[in-house]
Amino acid sequence: VNNCGLQLVIQTSSITDKSKPFEFRINKEPSPFHNRLLQHDLEKNYSGRQENVNFGSSSSIAFPVLQRPAEGKTLNSDRLSLERQKLTVCPIIDGEDNIRLLNFQHNFITRIQNISNLQLLVFLDLYDNQIEEISGLSTLKSLRVLLLGKNRVKKISNLENLKNLDVLDLHGNQITKIENINHLSELRVLNLARNLITIVENLNGLDSLTELNLRHNQVSTIKDVDTLPCLQRLFLSFNNISSFEDILCLADSSSLSDITLDGNPIAQETWYKHTVLHHMMQLRQLDMKRITEEERRMASIAAKREEERKRESHKQSLLKEKKRLTICNIAHQWEIQQNRVALVASLNQDKDDEPCQINGSAAFVFPEESRSLDTIFSSAVQGLSVLESHLVEVEGDTLCLYGAGALECLDRNWSVQTAGMIVTVSFMFIEFDEIVQVLPKLKIKFPNFAHLKFKETNLVTLQQFNALAQMHHIEQLTVDPQGNPVVNFTLWKYYVLFRLNHFNLQKINGVKVTENDIVIAEKLFGILAYVASSELPRYRMLSLFGESRRKQCHYLLEGKTKKPGTGSEESNDYRRNGGESSTRAALNYMTKDLYLEKLEEMKERKAFCQTYVENLVKEAADINMKNESLQKLWPQMFIELVRDAVIEIRNKNSYMKLCLQRITDQKQ
């Protein structure tokens, strides 16, 4: 009742001036408090006297019949007040067809009835009754003011014929939805305070509405208010409005001058007043307080700052979303690559067109399908080409690399400040063999680097950890179980600790390394390293080290007959000096590409050796054949040589002349 928000001024004529008709008007100017009681207005402007009426019996037992004295009819022929009469039903009003103002305040009426004959009725007050449904008004086409505050109405209905309605007061009811009022084009004041409304909507068609009261509801969203061309005052105090987006349509209302939002969650925000004033420059009052020019200026400045903050926040959100989509694309391409590798392995294993198992599902591969697999996978990848295939991101002291293409970033020119800040390098969705090739660059590019992270990198065997020995300084190692099957091995941590502990390894997967862990690792894998170094040829051992370590390796090779324990002692001594033991150095890792390259080189050498030996054998065979032929021809050749010599020297003088002639020819 307190927030009715209506200002009614009743003007009455004197008894003698019967030519002056009854008149009522609604003050268009807002009340300075907007909490004056409607009852107070009515009592102040009425004559202030209770009607002296009698209720007689009608032919129907249910309804009393109103009987007003002749004097009462003469004094107030166009108005009738029946307030506080303890009425439970509307009485039958007979002989009062000229009534224009009817007051039923503070009764117990449950249904509107027996007033359909009052077709000149302009003002109907049913405040503080027990009415549950709006009905019985279809014939009151002249009605301008309908006051149904503090009743039990649950739905707005049956107002189709009240097209001239100017004021509709439904505050203090149980209404949950605004509906069935779009035809009230003449309505200027609508009071729906203290109801159960959650969404303000269905206001189209209220072209004359100047004041809308929605205090003490459950409103969280506002719609259609910007379609009201004449709306000046909007009261939304004590609702559930929590963000400016929920009332964004108010900014588009050019006629709105007064608004109240106090008592809402949004009013608790520090930016509340500044944001509202910035978006509603036409406002004159906010929360019943007049707005000054200084407040408008401060609001404009604060709103600009808030706009910049929101713009930056939106930009960050877009970047985060782009990052998420890029990572999803990289993960999808990684999955396609892994499926392709699994498929190729299955095809190589089974070449008889038998069913092959891929990711737990059986699939029969036909020759035609196997030939077109590359085309299928290429099409799938091209469908995602709109997104990046790799991502490089620096988060604090961590450099995150997603996708194989991100490895190329290590060749860029990093600033001294950024490079010095990097402590952790994280690899995701990259083959470990590709990572191995860039490991030497990490220490050069990032001098403070000490922590490696691997996720979805295909770490499958313990041997792959040997490649990390080229880092020479790793304090922490994190291997995520996702995409790294090697973590399923029980002893993988001990092997990593044995192979890399001389590099000051302190944590593995976030767990601190203890002295007991080091002892266990030495016991488990010390013999393995000794055996590996013992079985390795000397030239292979020497190729593993530089000039500074060859002396130690030579010492190890000369002491092969020593017990395995001495190798461990020597390893500990060398580790204390900050280097890698020669026994551990024998445990190295060759990437698949390097292995294939070496294999190809070995094939070339084998082919060269085979060709060389074949040529030697062929040449030897030719020599042997020539020797055999010479042995067969030599006796006859010897006889002919002796015969020719005897014939030449038989005539001594001729032979001497011939010799002298040959000597002379040679000199010339």
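1. Salt bridges are a good place to start, and in this predicted model the count of them comes to 12. One of these is formed by the side chains of Glu393 and Lys323, where nitrogen and oxygen are 2.8 Å apart. The pair links distant parts of the chain, since Glu393 belongs to strand E21 while Lys323 belongs to helix H4, and their positions lie 70 residues apart in the sequence.

2. Lys323 deserves a second look, for Glu395 also forms a salt bridge with Lys323, and here the closest N and O atoms are 2.7 Å apart. This contact again links distant parts of the chain, with Glu395 in strand E21 and Lys323 in helix H4, 72 residues apart. Are these side chains buried, partly exposed or exposed? Lys323 has a relative accessible area of 23% and therefore counts as partly exposed, and Glu395, at 38% relative accessibility, is likewise placed in the partly exposed class.

3. Two other examples of salt bridges can be found elsewhere in the chain. The side chains of Arg643 and Asp644 meet at an N to O distance of 3.9 Å, which is still inside the limit of 4 Å used for a salt bridge. Arg643 is partly exposed because its relative accessibility is 49%, and Asp644 is partly exposed because its value is 38%. In addition, Arg144, Asp166 and Arg188 are linked with one another in a network of salt bridges.

4. Turning to the aromatic side chains, the structure holds 9 aromatic pairs. In one of them, the rings of Trp334 and Phe429 have centres 6.4 Å apart and planes at 65 degrees, so this pair is described as edge-to-face. Trp334 lies in helix H4 (residues 293-349), whereas Phe429 lies in the loop between strand E23 (424-428) and helix H8 (432-436), so the contact ties together parts that are 95 residues apart in sequence. Trp334 and Phe429 are both buried.

5. Another aromatic pair, made by Trp634 and Phe638, is tilted, with 6.1 Å from centre to centre and 45 degrees between the planes. Why are these two residues about one helical turn apart? They are separated in this way because they stand 4 residues apart in helix H16. As a general point, an α-helix has 3.6 residues a turn, so residues three or four places apart point the same way. Trp634 counts as partly exposed because its relative accessibility is 43%, and Phe638 counts as partly exposed because its relative accessibility is 46%.

6. Trp634 and Phe638 also appear in a nonpolar surface patch of about 750 Å², together with Leu630, Leu633, Met637, Leu641, Val642 and Val646. Leu641, one of the residues of this patch, has its place in helix H16, which covers residues 592-649.

7. Two further features involve aromatic rings. Phe427, Phe432 and Phe454 form one aromatic cluster, and the charged end of Arg412 sits over the ring of Trp414, at 5.2 Å from the centre of that ring.

8. For the strands, consider an open sheet of 7 strands, which has the order E21-E22-E23-E24-E25-E26-E27 and mixed pairing. Its edge strands are E21 (391-395) and E27 (511-512), each of which pairs on one side only. Strand E26 (residues 507-508) is joined to E27 by 2 bridges, and these two strands run antiparallel. Within this pairing, Ile508 stands opposite Val511 in E27.

9. An open sheet of 11 strands is also present, in the order E5-E7-E8-E9-E10-E11-E13-E15-E16-E17-E18, and its pairing is mixed. Which strands form its edges? They are strand E5 (79-81) and strand E18 (289-290), and each of them pairs on one side only. Inside the order, strand E13 (residues 211-213) and strand E15 (residues 233-235) run parallel and are joined by 3 bridges. The bridge partner of Glu211 is Arg233, in E15.

10. Finally, how many residues of helix H10 are buried? In this helix, which covers residues 492-500, 7 of the 9 residues are buried, so that the term "mostly covered" applies, given that buried means under 20% relative accessible area. The buried residues of H10 are Trp492, Tyr495, Val496, Leu497, Phe498, Arg499 and Leu500.

How values were computed:
Residues numbered from 1 in each chain as written. Predicted model: local features only at pLDDT ≥ 70, side-chain atom pairs only at ≥ 80, totals over all residues. Heavy atoms only, no water. Patch = residues over 30% accessible without salt bridge, like charges linked within 9 Å, V, L, I, M, F, W, Y side chains within 5 Å. Areas by Shrake-Rupley, 256 points an atom, 1.4 Å probe, with all protein chains shown as cover. Buried < 20%, exposed > 50% of the residue type's maximum accessible area, 1.4 Å probe, protein only. Pairing = 2+ DSSP bridges. Phe/Tyr/Trp six-rings, centres within 6.5 Å; stacked < 30°, edge-to-face > 60°. Lys NZ or Arg CZ within 6 Å of the ring centre and 35° of its normal.
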